[in-house]
Amino acid sequence: MSSLSLAVRDCSTMLRRNLLHARRYPSLTLNLLLTPVMLLLLFVYIFGDVMSAGMGGGGADRSEYIAYVVPGILLMTIGSTVIGAAVSVATDMSEGIVARFRTMAIHRGSVLVGHVVGSVLQSVASVVLVGAVAVAIGFRSEDATALEWLAAFGLLALFALALTWIAVGMGMASPNAEAASNSAMPLILLPLISSAFTPIEAMPGWFQPIAQYQPFTPAIETLRGLLLGTEIGNNGWIAIAWCLGLAVLGYRWSASKFGQDPK
C-alpha cells in the first residue's frame with residue numbers, strides 16, 4: 001500500500017474510534033446540545049414578543065424574531081458541540097493513549113484528523129437536530145434558493161472545522177478534561193455577545209466593537225442573509241477569513257502540541 005493509502009486507512013480507523021466513543025457515551029454530546037435548544041426556546045417563547053417589538057419598533061411578532069434568532073442559534077450549536085472535542089482530546093492525553101499511539105506504526109496525523117472529522121460530523125448532526133426544532137416551532141426559509149442553502153451548509157461546515165481545530169488545540173494544551181471544558185467556554189459565550197439575539201445597532205456604543213469584531217457576528221450575518229435574504233455586504237468574506245484563520249491557527253497549535261514529547 002502507498003503512504004497515502006496507509007494514512008487514509010489510519011485516519012479512518014481513528015475516526016471510527018471517535019464515533020464509537022460518541023455513540024457509547026452520548027451524555028456529553030446531549031448535554032452540550034441542550035444549551036442551544038434551551039436558549040432557542042427561552043428567547044422565542046419567553047422573550048420573543050418583547051424582543052421583536054423592540055427591534056421592529058412596532059407590534060410584537062414572534063415569528064419574525066424566530067427567523068432572526070435561528071441563524072445565531074445554529075452557529076452557537078457548533079460552538080457548543082466542539083467543546084466535546086476538547087474534552088475528548090484532553091481525556092486521551094491524560095489517560096496516556098496518545099502516548100501509546102506515538103509508539104505505534106500509524107500515521108501521526110491520524111489521531112488529530114480522527115478527532116477533527118468526528119467532531120465536524122457531530123456538529124453537522126447537532127445543527128440538523130437544532131434546525132429541526134427551529135422548524136417545529138415556526139422557522140421558515142421560503143425565499144432561499146438551492147444554491148443559497150448549499151452555501152449556508154458550506155459555511156456551517158467550514159465554521160465547524162475552524163472551531164474544532166481550536167477546540168482540539170485547547171484539549172491538547174489542557175492537563176485534564178475539566179480544564180479543557182473550562183478553557184473552551186468562550187466558544188459558547190462569544191455568540192451571546194454577538195448579533196445572534198439583538199442587532200448590533202441596538203447595543204450601547206462602547207459595546208458595539210466587542211460584538212462586531214469577533215468570528216461569530218460576520219458568520220451569523222452571512223447565514224442570516226443566505227437563509228432570509230437580508231443584506232450580507234462584506235460579512236461573507238470576513239466570515240470566510242475568520243474561518244480560515246482560526247483553522248490554520250488551531251491546526252498549527254494542535255500539531256505543535258502533539259509533536260512535543262510527553263512530560
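Contact here means heavy atoms within 4.5 Å. The structure described is a predicted model.

By that criterion, isoleucine 78 touches Ser123, Val127, Leu156, Phe159, Ala160 and Leu163, with residues up to four places away in sequence left out. Isoleucine 78 also belongs to the largest nonpolar core, which holds 67 residues. Within that core, Leu75 and Ile78 touch the most other members. The greatest contribution to this core comes from helix H8, residues 146-173, which supplies 13 residues.

Leucine 223 was examined next. This residue is found in helix H12. Its relative accessible area is 1%, so leucine 223 is buried. Neighbours within four places in sequence aside, leucine 223 is in contact with Pro71, Leu74, Leu75, Ala152, Leu155 and Leu156. One of these partners, Leu75, is among the two core residues that touch the most other members. Another, Leu156, is also touched by isoleucine 78.

Helix H12 spans residues 216-228 and carries both glutamate 221 and arginine 224. These two residues form a salt bridge, with the closest N and O atoms 2.9 Å apart. They lie three residues apart, about one turn of the helix. Both glutamate 221 and arginine 224 are buried.

Helix H13 covers residues 235-259 and includes asparagine 235. Asparagine 235 has a relative accessible area of 13% and is therefore buried. Beyond residues up to four places away in sequence, asparagine 235 touches Gln212, Pro218, Glu221 and Thr222. Glu221 is thus a contact of asparagine 235 as well as a salt-bridge partner of arginine 224. Asparagine 235 and leucine 223 are twelve residues apart along the chain, and their C-alpha atoms are separated by 9.5 Å.

Alanine 239 also has its place in helix H13. With 1% relative accessibility, alanine 239 counts as buried. Its contacts, leaving aside neighbours within four places in sequence, are Leu155, Pro218, Ala219 and Thr222. Pro218 and Thr222 are touched by asparagine 235 too. Leu155 is in contact with leucine 223 as well. Alanine 239 and valine 69 are 170 residues apart in sequence, and their C-alpha atoms lie 18 Å apart in space.

Salt bridges were then considered across the model. Side chains of opposite charge can pair when their charged atoms come close. The count comes to three salt bridges. The pair in helix H12, glutamate 221 and arginine 224, is one of them.

A second joins aspartate 92 and arginine 17, with 3.0 Å between the closest N and O atoms. Aspartate 92 lies in helix H5 (residues 83-95) and arginine 17 in helix H1 (residues 3-24), so this pair ties together parts that are 75 residues apart in sequence. Aspartate 92 is buried at 4% relative accessibility. Arginine 17, at 17%, counts as buried too, because the buried class runs to under 20%.

In another salt bridge, the side chains of aspartate 10 and arginine 9 meet at 3.5 Å, N to O. Aspartate 10 is buried, with a relative accessible area of 8%. Arginine 9 counts as partly exposed, at 42% relative accessibility.

The surface was also inspected for nonpolar patches. Leu34, Met38, Leu41, Leu42, Tyr45, Ile46 and Phe47 form one such patch. Together these residues have about 630 Å² of accessible area. Tyrosine 45, one of the patch members, is found in helix H2, residues 27-45. At 41% relative accessibility, tyrosine 45 counts as partly exposed.

Valine 113 sits in helix H7, residues 110-136. Valine 113 is partly exposed, with a relative accessible area of 30%. Valine 113 and arginine 102 are eleven residues apart in sequence, and 14 Å separates their C-alpha atoms.

Record annotations complete the description. An unreviewed UniProt entry lists residues 25-46, 66-90, 111-137, 149-168, 180-200 and 236-254 under "transmembrane region". In the model, residues 25-46 are 86% helix and 0% strand, with end C-alpha atoms 32 Å apart. Residues 180-200 are 52% helix and 0% strand, and their end C-alpha atoms lie 31 Å apart.

Notes
Residues numbered from 1 in each chain as written. Predicted model: local features only at pLDDT ≥ 70, side-chain atom pairs only at ≥ 80, totals over all residues. Heavy atoms only, no water. UniProt positions renumbered as here; feature names shortened; annotations may be inferred. Helix = DSSP H or I, 4+ residues; strand = E, 2+ residues; numbered from the N terminus. Core = buried A, V, L, I, M, F, W, Y, C linked by side-chain atoms within 4.5 Å. Buried < 20%, exposed > 50% of the residue type's maximum accessible area, 1.4 Å probe, protein only. Patch = residues over 30% accessible without salt bridge, like charges linked within 9 Å, V, L, I, M, F, W, Y side chains within 5 Å. Areas by Shrake-Rupley, 256 points an atom, 1.4 Å probe, with all protein chains shown as cover. Salt bridge = Lys/Arg side-chain N within 4 Å of Asp/Glu carboxyl O.
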